[in-house]
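Colleague: I am new to this structure and would like a close look at a single part. Please take one helix and its packing partners, then work outwards from there.

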Amino acid sequence: MNLYLTAMLAIIRREALRFIHQRSRFLAALVRPLVWLVVFAAGFRAALGLSIIPPYQTYITYEVYIVPGLCGMIQLFNGMQSSLSLVYDQEMGSMRLLLTSPLPRWWLLFSKLLAGVAVSILQVYVFLAIAAGFGIVLPLAGYALVLPALLVSGLMLGALGLLISSTIRQLENFAGVMNFVIFPMFFLSSALYPLWKMAESSTLLRDICAWNPFTHAVELIRFALYLELNGLALLWVCLSFAVFFGLALVGYDPSYGMTRRRKG
Amino acid sequence: MTALDIKDLGYSYGTKRALDGVSFALRPGKFTALLGPNGAGKSTLFSLLTRLFVSREGRIAVAGHDLARTPRAALSKIGVVFQQPTLDLDMSVAMNMHYFAALHGISGRDAQARSERALAQLGMAERAGEKVRDLNGGHRRRMEIARALIHDPEVLLLDEPTVGLDFKSRQAIVDHVHGLAERGLTVFWATHLVDEIRDYDDVVVLHRGRVLAHRAAAKLRAGRPLAEVFIEMTGGEETA
């Protein structure tokens with residue numbers, strides 16, 4: 001087998017096994033969006049009226065609206081967690097080991113990224129299956145078409161995590177990232193409310209949401225679930241990925257990267 | 001051609017000079033100990049050798065490959081055992097070995113054969129199926145050394161590999177690695193423990209980022225205990 005593929009498959013396999021062994025992580029990853037879906041959405045259902053907006057053809061309930069946003073949320077958490085585990089787990093050592101491989105560094109980091117995305121996609125599908133159990137059933141083909149969208153959005157969010165892991169020196173716990181990355185990204189997006197709704201209260205907030213790459217990840221997923229391609233969102237997500245991954249590569253370059261600051 | 005050749009290597013953390021004008025070449029098939037007190041620059045040197053850091057000063061060549069110009073060729077000739085364990089505890093020894101083999105592009109039967117051979121060299125063959133979590137500290141370390149051999153490196157780098165192990169495990173590892181050198185592998189072993197060094201080993205004494213001596217242990221100690229000579233050279237600073 002090809003040298004590059006051998007390494008990539010091994011990295012993905014390792015990540016998948018690690019994930020299976022950490023059952024609590026799997027459970028947390030599922031419980032989080034389900035709580036939003038079952039509790040939060042039920043409460044907000046009455047408060048929020050939604051008009052017909054693309055890609056929906058008809059009036060939808062709030063639960064239906066937030067499903068794509070929660071898929072994005074799973075990937076957002078996963079992207080941050082798998083990369084940040086490098087900083088606060090003992091994963092730093094395994095990263096060192098990874099980087100002693102003679103394969104190009106960008107390939108190794110991309111493989112690591114893809115491994116995290118594979119895990120996040122698995123989580124999303126389990127979540128969608130449970131949501132279907134609660135009666136939120138999407139178009140059948142949507143379940144297949146969302147796969148490429150999840151791949152792209154997962155790569156973008158994972159690259160952001162990788163970038164953060166390469167720039168922050170030390171992280172005491174996950175809370176800092178929750179406060180300064182995950183929450184702003186999630187709440188300032190179209191995950192919980194459509195942008196037009198946001199514009200009603202503040203156009204500035206709407207503009208911030210429109211710039212947020214996470215909004216575009218969510219919209220890409222939303223449209224794909226309803227068998228449509230949102231070209232702008234795709235472009236935005238791909239561009240964000242290129243920027244985040246590019247900067248992460250600089251961060252992991254031994255000439256001026258994170259490793260330089262860490263006296264080992 | 002020597003397995004590891006270092007010339008005029010320097011490195012600074014901001015204004016703090018960690019390594020200064022470090023030059024030496026390892027003799028092929030020799031066990032060379034890098035002996036230095038705490039803060040001597042051993043870990044910095046190892047980070048440069050494994051390309052976790054890159055320095056603009058000086059040059060490192062591994063089996064003739066310049067680490068700065070052809071890093072991939074150079075890295076493929078290095079086997080590394082880091083001071084911190086880098087193991088997947090919930091996977092078996094064999095799975096850990098195979099993962100690392102794959103990082104070097106080795107898979108399938110070839111990986112299997114290499115893994116078995118490397119484990120056998122460290123007396124770990126019968127433990128291939130065990131979960132790493134169930135192994136004691138000494139065996140975990142031996143697995144890491146076996147793993148570092150899987151791609152047939154020219155030089156094996158070990159950064160204080162016996163830290164935290166009991167005497168017996170330490171002794172076993174020191175014996176095994178000397179055995180590897182006797183079979184022709186070039187070994188570079190960072191330590192602050194003089195009892196891990198044998199008279200026929202080479203010693204590089206590093207202190208405050210500079211090489212104070214590079215010669216055979218027997219010559220270095222000239223009939224005196226090595227510890228005494230070492231403390232004298234480094235001004236009696238506490239070792240760690």
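Modeller: What follows starts with one helix of chain A and ends with a helix pair in chain B. Keep in mind that this is a predicted model.

Take helix α10 of chain A, residues 213-225. One partner is helix α6 of chain A, residues 140-167. The two pack at an angle of about 165°, and their axes are 7 Å apart. Angles over 145 degrees count as roughly antiparallel, so α6(A) and α10(A) are roughly antiparallel to each other. The crossing of α6(A) past α10(A) is right-handed. On the α6(A) side, the contact includes A:Gly142, A:Leu145, A:Val146, A:Ala149 and A:Met156. On the α10(A) side, A:Phe214, A:Ala217, A:Leu220, A:Ile221 and A:Leu225 are among the residues that take part. By class, this contact has 14 nonpolar residues, two polar ones and no charged ones.

Now look at another partner of the helix. α10(A) also packs with α11(A), at an angle of about 135° and with axes 8 Å apart. That angle makes α10(A) oblique to α11(A). Here the crossing is left-handed. From α10(A) come A:Pro213, A:His216, A:Ala217, A:Glu219 and A:Leu220. They meet A:Ala233, A:Leu234, A:Trp236, A:Val237, A:Ser240 and A:Phe244 of α11(A). These residues divide into eight nonpolar, two polar and one charged. A:Pro213, A:Ala217 and A:Leu220 are listed for the contact with α6(A), and they are listed again for the contact with α11(A).

The link between these helices deserves a look. A:Leu227 is found in the loop between α10 and α11 (231-251) of chain A. Its phi is near 60°, a positive value in a residue other than glycine. Most residues other than glycine have a negative phi, and most peptide bonds are trans. Another loop of chain A departs from the second of these habits. A:Pro54 and A:Pro55 are joined by a cis peptide bond, with omega about 5°. A:Pro55 is found in the loop between α2 (23-47) and α3 (62-88) of chain A.

Next, step out to the neighbouring chain. Chain A and chain B bury about 3,000 Å² between them, and 61% of that is on carbon and sulfur atoms. In chain A, the residues that lose the most area to chain B are A:Arg96, A:Leu97 and A:Pro102. Together they account for 22% of what that side buries. The contact takes 32 residues from chain A and 30 from chain B.

One salt bridge is found across this interface. It pairs B:Asp88 with A:Arg14, and the closest N and O atoms are 2.6 Å apart. Over all chains, the count comes to 25 salt bridges. B:Asp88 lies in the loop between β6 (78-81) and α3 (93-103) of chain B, and A:Arg14 lies in helix α1 (residues 3-21) of chain A, so the pair joins two chains.

That loop leads to α3(B). The axes of α3(B) and helix α5 (residues 137-148) of chain B come within 10 Å and cross at roughly 30°. That makes α3(B) roughly parallel to α5(B). α3(B) passes α5(B) in a right-handed crossing. B:Val93, B:Asn96, B:Met97 and B:Phe100 in α3(B) meet B:Met143, B:Ala146, B:Arg147 and B:Ala148 in α5(B). By class, these are six nonpolar, one polar and one charged.

Definitions and conventions:
Residues are numbered from 1 along each chain as its sequence is written. Chains are lettered from A and ligands numbered from 1 in the order in which they are written. This is a predicted model: local features need pLDDT of at least 70, side-chain atom pairs count only at pLDDT 80 or more; totals for chains, interfaces and linings use all residues. Side-chain values use heavy atoms; hydrogens and water are left out. Axes are lines fitted to C-alpha atoms, for helices over the stretch in contact, and angles run from 0 to 180 degrees between N-to-C directions. Helices (H or I, at least four residues) and strands (E, at least two) are DSSP runs, numbered from the N terminus. Angles under 35 degrees count as roughly parallel, over 145 as roughly antiparallel, 65 to 115 as roughly perpendicular and the rest as oblique. A crossing is left-handed if the near helix is turned anticlockwise from the far one by less than a right angle, and right-handed if clockwise. Contact means heavy atoms within 4.5 Å. Ala, Val, Leu, Ile, Met, Phe, Trp, Tyr, Cys and Pro count as nonpolar, Asp, Glu, Lys and Arg as charged, and the others, Gly among them, as polar. Buried area is the accessible area (1.4 Å probe) that two parts lose on being put together, summed over both. A salt bridge is a side-chain nitrogen of Lys or Arg within 4 Å of a carboxyl oxygen of Asp or Glu.
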